[in-house]
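Here is a friendly walk through one pocket and one residue. Have a look at the structure first, and then we can go through them together.

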Amino acid sequence: MAEEVQLDSNLQIPAGSLSIPSSPATARNDCSITPLTPSPSPRVEVRPRMACPFSVVIAIDFGTTSSGYAFSFTHDSEAIHMMKRWEGGDPGVANQKSPTCLLLTPDLRFHSFGFAARDFYHDLDPEEAQHWLYFDKFKMKIHSTSDLTMETELEAVNGRKVRAIEVFAHALRFFREHALKEVKDQSSSVLEGEEIRWVITVPAVWRQPAKQFMREAAYLAGLVSPDCPERLLIALEPEAASIYCRKLRLHQVIDLSLQPITNGLDLDGTRPFDSSFRQAREQLRRSRHSRTFLVESGTGELWSELQTGDRYVVADCGGGTVDLTVHQIEQPQGTLKELYKASGGPYGAVGVDLAFEAMLCQIFGEDFIQSFKAKRPAAWVDLMIAFEARKRTASPGRANALNISLPFSFIDFYKRHRGQSVEAALRRSNMNIVKWSSQGMLRLTQEAMNELFQPTISNIVRHIEELMGKPEVRCVRFLFLVGGFAESPMLQKAVQKALGRTCRIIIPHDVGLTILKGAVLFGLDPTVVRVRRCPVTYGVGVLNRFVEGRHPRDKLLIKDGREWCTDIFDRFVSIDQSVALGEVVRRSYTPARVGQRKIIINIYCSATDDVTYISDPNVRKCGTITLDLPEPLVPPGAVGGAEAGAVIAGPERREIRATMQFGDTEIKVTAIDVMSDRSVRASIDFLSN
C-alpha cells in the first residue's frame with residue numbers, strides 16, 4: 001500500500017540539507033526524505049527537436065467577454081483557419097468570436113453556449129428564467145479567487161452555484177465538438193486523437209493554480225487524456241499576441257504614432273483626431289470577413305527596423321484583465337526573450353460595465369438594482385447587452401449622447417417597486433450627465449461616458465507607464481495594443497496621448513483575433529519563446545547545520561546529538577530571474593524508510609527574493625510535488641537492508657533524482673530512480689492547498 005508521508009528529520013543527515021514541508025511545530029515527528037544534492041542555479045539541458053507527432057493544432061482563446069477557436073494543419077502551417085461565424089449576435093457586427101456565456105438547464109445539464117445561450121435565456125419567461133443557470137464573464141472568478149481548488153464554485157445569475165470546474169469543462173467541451181467537426185470537414189484523412197495538439201490561452205498574470213485549473217478542466221472536457229499531458233499546451237495571452245505580432249507586415253497594422261495630436265486635432269489643426277480612429281475601426285470591421293489568414297514564414301517587415309537589443313511591449317487589453325509583457329526579438333533565428341516578468345491586473349473592459357452598474361445604483365438605488373437582477377435576471381442581461389453595444393461606439397470626439405434602451409420590465413418593475421417613474425428617479429438623482437428620452441432610453445452624455453471609462457483606462461495607462469519606467473524596460477521601440485478592448489477609440493486616444501511621443505503605438509488590423517492566431521503559432525512551435533522571467537520565487541524548506549549567532553534559537557532542532565536549523569528556504573528560482581527553455585533545477589532525495597512508496601515535497605513561493613525561512617511572513621505554501629516510487633530493484637550482491645528511518649551511505653542508498661523546469665508556461669517535474677534508471681511517476685499540484 002502506498003504510504004503518504006510528510007517530510008522531517010527522523011534520519012541521520014549527511015553534509016547537505018533535508019527538505020521539510022512546514023515549521024517544526026507541525027512536522028518534527030515523521031521523516032521521509034533527505035536531499036543528496038542541493039543544486040545551485042538552473043542549468044541548461046539541450047533538448048533535441050522531436051519529429052512532429054501531430055498533424056493539426058487547435059487553439060482556444062478562452063476570454064472573459066468573448067471566446068473562439070482557430071486551427072492550422074502542420075502540412076500548411078502558414079494558413080490559420082478561424083472558426084465559422086456564429087449565428088446571432090448584434091446586427092451589423094461580424095462575429096468571429098462568441099460571447100463567453102453558458103446556459104445550464106434547471107437540472108444542471110448543458111444547454112447552450114455563446115449567442116445561442118444568450119438569446120435563449122433572453123427569450124425565457126421571466127418566472128421560468130429564475131430556474132435556469134446563466135453564467136456570464138465567469139473567467140474572472142478564477143483570477144480573483146486566492147484559494148482556488150477543484151471545489152471552487154461559480155454563482156449563476158439566479159444565485160445558484162455550481163462547481164467552477166464543471167462550468168469550464170462544459171465550455172471547453174462545446175469548443176472541442178465544434179472545432180473537431182470543422183477540422184474534419186477540411187481534412188482529407190481521418191484524424192485520430194493523438195494527431196491533435198490543443199492550446200488554451202490564459203492571462204500571463206494568472207498564478208500556477210489557475211493554469212492547472214484550466215488543464216484539469218480540459219481533461220474533464222475530453223480534449224486530452226491526463227496520461228498524455230504533452231498534447232495540451234497552456235499559452236500566455238500577451239505572449240501569444242507577441243508571437244503573432246512578429247509576423248506582421250506594414251499593411252497589417254495601424255500606427256497611431258504617425259498622427260501626433262494637439263488638443264484633439266492633427267498638428268495642422270484641420271482634421272479631428274477621431275476620424276483616424278473611425279478609419280481604423282472600419283479596417284478592423286472589414287478584416288473580420290475573412291476566415292483564413294496567411295502568416296509570414298519568417299518575421300514580418302515591421303521588424304526590419306529593429307536592431308539587436310531593441311525591445312517592445314505587448315499590452316493585451318481584454319475583457320477581464322490587462323496583461324503586459326516585454327520582449328526582445330533575437331536575430332537571426334526570430335525567437336523571443338522575455339525581459340521583465342509578466343504584469344497587469346483586473347483592468348479589463350468589464351470595469352466599464354461595473355462602472356455603469358454603479359451609476360444605475362446611484363440613480364435607482366442599490367437595493368432596487370440587486371432586486372431587479374434577482375427577480376428579472378434575463379432582463380438584466382438584456383440591459384447589459386444593450387450597454388455593451390453602445391459602449392463599443394463610444395469615442396473621444398463624439399458630440400451627441402448615447403442612447404441605451406431600458407427593457408420594459410425594468411421600467412415596469414421600478415414603478416411597482418418604488419411607486420414612481422424612471423424619469424422621476426433621474427430627476428431626483430441630480431445626475432445631469434444622464435438624461436431621459438421619451439422613447440424609453442437613457443441618454444448618456446459624452447461626460448457620462450468619460451466617467452465610465454476613465455477609471456479603467458487610467459489604470460491601464462498608469463500600469464504601462466510604470467512598466468516603461470523600469471530600468472529593464474527603458475528604450476522601448478514599439479507598444480502593441482491587442483485584445484478586444486484595444487478596439488476602443490477611448491482607450492486608443494488615452495494611450496496615444498500618454499505614450500505617443502515615447503514609442504510607436506501599433507494596433508494589428510485584426511486586433512481582437514491577435515491572441516488566437518498567436519496561440520496557433522505557439523502550438524506549431526512552442527520553442528519560439530526561448531527565455532522567460534520567473535513571476536515569483538520558488539523553493540522548499542530544508543534543514544541546515546545550526547550556527548550559533550546566525551540562526552535564531554527557536555529554529556534549533558537537536559537530533560541524534562547534532563544541532564540543526566529548521567525551516568531554511570532552499571531556493572529553486574528567484575522572482576524575475578531569466579530562465580531559458582530547457583533549463584532545469586535538480587534535487588536528489590532518498591526515502592527515509594524501506595518499502596516507502598510515496599514522497600511528498602511541499603513547495604513555497606514568495607513575491608520577493610528576500611527570503612530566509614519558509615516561516616517568513618511573505619512566504620506561503622503554494623503546492624506539492626509527489627513522487628510515486630516503484631518497487632526497488634535489489635542489485636546483485638546486495639546484502640541485508642537499511643533500518644527504517646536511517647539514511648546510509650554506499651550502494652544500498654536509494655537516490656530519487658527530481659528534475660524541475662521553470663522555463664515553460666507551466667512548471668513541470670520529472671524524476672528517475674538513479675540505481676535502476678527507471679522513471680518515477682512525478683506530479684506537481686497547486687490546487688490542493
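Does Ser679 count as buried or exposed? Keep in mind that this is a predicted model. With a relative accessibility of 62%, Ser679 lies over the 50% cut-off, so Ser679 counts as exposed.

Ser679 sits in strand S37, which covers residues 678–685. Leaving aside residues up to four places away in sequence, Ser679 touches Ala671 and Ile672. Between Ser679 and Arg657 there are 9.7 Å from C-alpha to C-alpha, with the two 22 residues apart in sequence.

Now for the second largest pocket, which holds about 830 Å³ of space. Its lining counts 22 residues, and the closest to the pocket centre are Asp136, Lys137, Val157, Glu357 and Lys373. The elements in the table each give two or more residues to this lining.

| Element | Residues |
|---|---|
| strand S10 | 133–136 |
| helix H3 | 139–144 |
| strand S11 | 153–155 |
| helix H8 | 350–364 |
| helix H9 | 366–375 |
| helix H10 | 377–391 |

Helix H8 gives the most to the lining, with 4 residues. What classes of residue make up the lining of the second largest pocket? There are 13 nonpolar, 1 polar and 8 charged residues.

Where does the second largest pocket lie with respect to the domains? Domain 1 (56–236) and domain 3 (350–451) both give residues to its lining, so the pocket lies between these two domains.

Terms used: Residues are numbered from 1 along each chain as its sequence is written. This is a predicted model: local features need pLDDT of at least 70, side-chain atom pairs count only at pLDDT 80 or more; totals for chains, interfaces and linings use all residues. Side-chain values use heavy atoms; hydrogens and water are left out. On a 1 Å grid over the protein atoms alone, a cavity is a set of points where a 1.4 Å probe fits but cannot get out, and a pocket is an open set with protein on both sides within 12 Å along at least five of seven lines; lining residues have an atom within 4 Å of a point. Grid points are joined across faces, edges and corners, and a volume is the space filled by probe spheres set on the points. Ala, Val, Leu, Ile, Met, Phe, Trp, Tyr, Cys and Pro count as nonpolar, Asp, Glu, Lys and Arg as charged, and the others, Gly among them, as polar. Domain bounds come from an automatic or database domain assignment. Buried means under 20% relative accessible area, exposed over 50%, partly exposed in between (1.4 Å probe, protein chains only). Contact means heavy atoms within 4.5 Å.
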